[in-house]
Amino acid sequence: ALCGKRGGALKPTVDSRFHAHLACVIWIPEAHVVDTVTMQPVEIRHVPISRQRLRCSLCKNKDGPMDAPVQCYEPSCARSFHIGCARESSENFYIAINDACEPVAMCPRHV
């Protein structure tokens, strides 16, 4: 639901209408896992329209019903991308958890 990729660690949404990748849910601030023991279901209803309107700078797709790329962690950067696209890219994206236990995704320009 949050990206156009198929397969992987898909988890059902709270309303059971969609499935979302666990990695997408972890990196999208407005999404979360409801039960952290079973790691499902996932809550994605609070992902704002403004995020859903973003277009992945790598795949350029808007395939999912709630397609929601992340934006570069650098506040002045407007580049958005799917976590899965960044992982598969030959570009040097930074995708990690920082010292404050926050998920951080940065485009190659700010790594």
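This is a short tour of a predicted model, residue by residue, for you to follow in your viewer.

**Stop 1: the start of the chain**

Select A9, which sits in the segment before β1. Is A9 buried or exposed, or something in between? A9 is partly exposed, because its relative accessible area is 45%, and the buried class ends at 20% while the exposed class begins over 50%. Leaving out neighbours within four places in sequence, A9 is in contact with A20, H21 and L22. Now add F93 to your selection and look along the line between the two C-alpha atoms. A9 and F93 are 84 residues apart in sequence, and their C-alpha atoms are 21 Å apart in space.

Next, move to H21, one of the contacts of A9. H21 belongs to strand β2. With a relative accessible area of 12%, H21 is buried. Show its side chain and find the backbone oxygen of G7: the side chain of H21 reaches that oxygen at 2.5 Å. Setting aside residues up to four places away in sequence, H21 touches C3, K5, R6, G7, G8, A9 and L10.

**Stop 2: two unusual backbone angles**

Before you select anything here, a little background helps. Most residues other than glycine have a negative phi, and most peptide bonds are trans.

Select S16, in the loop between β1 (10–12) and β2 (19–21). S16 is not a glycine, yet it has a positive phi of about 60°. This residue is exposed, since its relative accessible area is 58%.

Then go to M39, which lies in the loop between β3 and β4. M39 also is not a glycine, and its phi is positive, at about 60°. M39 counts as partly exposed because its relative accessible area is 26%.

**Stop 3: a cis bond and a buried valine**

Stay in this loop and select Q40 and P41. The peptide bond from Q40 to P41 is cis, with omega near -5°. P41 is in the loop that runs between β3 (32–33) and β4 (42–43). Its relative accessibility is 26%, so P41 counts as partly exposed.

Which residues does P41 meet, beyond its neighbours within four places in sequence? They are P12, T13, V14, H32, V33, V34 and D35. For a longer view, add D67: P41 and D67 are 26 residues apart in sequence and 18 Å apart in space, C-alpha to C-alpha.

Now select V42, in strand β4. At 0% relative accessibility, V42 counts as buried. Show what surrounds V42: not counting residues up to four places away in sequence, V42 touches K11, P12, T13, V14, A20, V25, H32 and V33. Pick out V25 from that group. V25 and V42 are 17 residues apart along the chain, and 7.3 Å separates their C-alpha atoms.

**Stop 4: an arginine with two polar partners**

Select R79, found in the loop between β5 (70–71) and β6 (80–81). R79 counts as buried because its relative accessibility is 17%, and the limit for buried is under 20%.

Which side chains join R79 in polar contacts? One is S57, at 2.8 Å, and another is E91, at 3.2 Å. Display the wider surroundings too. Without counting residues up to four places away in sequence, R79 touches S57, L58, V70, Q71, C72, E91, F93, C107 and P108.

**Stop 5: rings and a pocket**

Select R87 and W27 together. The charged end of R87 sits over the ring of W27, 5.9 Å from the centre of that ring. While you are looking at rings, note that a search of the whole structure finds one aromatic pair.

Finally, turn on the surface and look for the largest pocket, which holds about 230 Å³ of space. How many residues line the largest pocket? The lining has 16 residues, and those closest to the pocket's centre are W27, P29, Q71, Y73 and P103. Colour α1 (22–27), β5 and β8 (103–106), the elements that give two or more residues to this lining. The largest share, three residues, comes from β8.

Keep W27 selected as you finish: the charged end of R87 sits over its ring, and W27 is among the residues closest to the centre of the largest pocket.

Key. Residues are numbered from 1 along each chain as its sequence is written. This is a predicted model: local features need pLDDT of at least 70, side-chain atom pairs count only at pLDDT 80 or more; totals for chains, interfaces and linings use all residues. Side-chain values use heavy atoms; hydrogens and water are left out. Helices (H or I, at least four residues) and strands (E, at least two) are DSSP runs, numbered from the N terminus. Buried means under 20% relative accessible area, exposed over 50%, partly exposed in between (1.4 Å probe, protein chains only). Contact means heavy atoms within 4.5 Å. A polar contact is a pair of N or O atoms within 3.5 Å; within protein, one must be able to donate a hydrogen and the other to accept it, and residues adjacent in sequence count only if both atoms are side-chain atoms. Rings of Phe, Tyr and Trp (its six-membered ring) pair if their centres lie within 6.5 Å; planes under 30 degrees apart count as stacked, over 60 as edge-to-face and the rest as tilted. A charge sits over a ring if NZ of Lys or CZ of Arg is within 6 Å of the ring centre and within 35 degrees of the ring normal. On a 1 Å grid over the protein atoms alone, a cavity is a set of points where a 1.4 Å probe fits but cannot get out, and a pocket is an open set with protein on both sides within 12 Å along at least five of seven lines; lining residues have an atom within 4 Å of a point. Grid points are joined across faces, edges and corners, and a volume is the space filled by probe spheres set on the points.
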